[in-house]
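Student: I would like a close look at one part of this model, followed by an account of what lies around it. Please keep it plain.

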Amino acid sequence: MKILVMNGSPKGEHSGTMKLTEAFLESFADAEVTTIHTINQTVKPCRGCYNCWWHTPGECPQKDGMEKVLEQLKESDLVIWSFPLYCYGMPSNLKAYVDRLLPLSTPTQTTDENGSTYHPAREGYHFRNIMISGCGFPDREGNYDGMEFAFDRMFGESEKIICVEAPMLTIKEAEPLAKPYLKLVKQAGIEYYETGYISEETHKRLSTPMMNPEEYRKMCSSNG
């Protein structure tokens, strides 16, 4: 199995979300894992020229490193989009990569089973997607709604690991709470490795705050 990790954290490899991703991948010992720390790369915004649709199908005219990423995506079986929640979405350094995925789709417009219009994917890409994300809030509902909808709309309904109170993962004093959570993320990785899915029970536990939300809010407010 070839796995491509798109690390969208501006903190690079030392982020809390990468701790989640690394725990998830512990069970994939036989996989070939490549990680792209997007904050260290220069990928220009999509110019909306649509040359990748009409003039050079599947190929972007901008030459800035995204060419290699598109090739890596073509070779991947699984893509992990690892990022913290920024302004109810993904950080801008990762969003630039997502916008530049336009060559992966065709200009044809069609509708899905719900009647919503979309562009079908170009042939040659077969990877599955997982979203692994952390946020500084103690609650998922009302904060991740837009991001979850966008992710499923872009990639189809996919597995997601969403960690609330994610700053706890990088605070030494919080290790007694963070370590059991990371162990649970590892369990999610085992389940996905063995079955291709994460169980409903594990999802429920992954969405549970590590500490009392009210106490967490007070702690964060006092540190501000």
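By class, how many nonpolar, polar and charged residues does the lining of the largest cavity have?

Tutor: The model is a predicted one. The lining of its largest cavity has 8 nonpolar, 3 polar and 2 charged residues. That makes 13 lining residues, of which Cys 46, Cys 49, Cys 52, Cys 60 and Pro 61 lie nearest the centre of the cavity. The space inside the cavity comes to about 90 Å³. The structure holds 1 cavity of 30 Å³ or more.

Tyr 50 comes right after Cys 49 in the numbering. Tyr 50 sits in the loop between strand E2 and helix H2, which covers residues 51-54. The phi angle of Tyr 50 is near 60 degrees, a positive value in a residue other than glycine. Most residues other than glycine have a negative phi. The relative accessible area of Tyr 50 is 38%, so this residue counts as partly exposed. Glu 165 also has a phi near 60 degrees, again positive in a residue other than glycine. Its place is in the loop between strand E7 and helix H6. Glu 165 has a relative accessible area of 0% and is therefore buried.

Both loops lead back to the sheet. Five strands make up an open sheet with parallel pairing, in the order E2-E1-E3-E6-E7. Strand E2 (32-37) and strand E7 (159-163) are at the edges; each has a single partner strand, so one side of each has no neighbour in the sheet. On average, neighbouring strands of this sheet are turned by 15 degrees against each other, direction ignored. Strand E6 (128-134) runs parallel to E7 and is joined to it by 5 bridges. One residue of E7, Glu 159, is the bridge partner of Ile 130.

Several helices cover this sheet. Helix H5 (145-155) packs on it and touches strands E3 (78-84), E6 and E7. The direction of H5 makes about 165 degrees with that of E6. Helix H6 (175-195) lies across E3, E6 and E7, and runs at about 180 degrees to E7. Helix H1 is mostly covered, with 7 of its 9 residues buried. Those buried residues are Gly 16, Thr 17, Met 18, Leu 20, Thr 21, Ala 23 and Phe 24. They pack against E1, E2, E3, E6, E7 and H6.

Ala 23 shows the contact between H1 and the region of H6 residue by residue. Its relative accessibility is 5%, so Ala 23 counts as buried. Leaving aside residues up to four places away in sequence, Ala 23 touches Leu 182, Val 185 and Lys 186. Ala 23 and Ile 80 are 57 residues apart in sequence, and their C-alpha atoms are 13 Å apart in space. Ser 27 follows in the loop between H1 (16-24) and E2. The cut-off for buried is under 20% relative accessible area, so Ser 27, at 19%, counts as buried. With the same neighbours in sequence set aside, Ser 27 touches Lys 186, Gly 189, Ile 190 and Tyr 193.

Helix H4 (92-99) has its own set of buried residues: Asn 93, Leu 94, Ala 96, Tyr 97 and Val 98. These pack against strand E1 (2-7), E2, helix H3 (66-75), E3 and H5.

That leaves the open spaces. The largest pocket contains about 1100 Å³ of space. It is lined by 29 residues, and His 119, Arg 153, Met 154, Phe 155 and Gly 156 are the closest to its centre. H4, strand E5 (117-118), E6 and H5 each supply at least two lining residues. H5 gives the largest share, 5 residues. By class, this lining has 13 nonpolar, 8 polar and 8 charged residues.

The second largest pocket has a volume of about 330 Å³. Of its 18 lining residues, Lys 11, Pro 84, Gly 134, Ala 166 and Pro 167 lie nearest the centre. By class, the lining of this second pocket divides into 9 nonpolar, 8 polar and 1 charged.

Key: Residues are numbered from 1 along each chain as its sequence is written. This is a predicted model: local features need pLDDT of at least 70, side-chain atom pairs count only at pLDDT 80 or more; totals for chains, interfaces and linings use all residues. Side-chain values use heavy atoms; hydrogens and water are left out. Two strands pair if DSSP finds at least two bridges between them. Helices (H or I, at least four residues) and strands (E, at least two) are DSSP runs, numbered from the N terminus. Axes are lines fitted to C-alpha atoms, for helices over the stretch in contact, and angles run from 0 to 180 degrees between N-to-C directions. Contact means heavy atoms within 4.5 Å. On a 1 Å grid over the protein atoms alone, a cavity is a set of points where a 1.4 Å probe fits but cannot get out, and a pocket is an open set with protein on both sides within 12 Å along at least five of seven lines; lining residues have an atom within 4 Å of a point. Grid points are joined across faces, edges and corners, and a volume is the space filled by probe spheres set on the points. Ala, Val, Leu, Ile, Met, Phe, Trp, Tyr, Cys and Pro count as nonpolar, Asp, Glu, Lys and Arg as charged, and the others, Gly among them, as polar. Buried means under 20% relative accessible area, exposed over 50%, partly exposed in between (1.4 Å probe, protein chains only).
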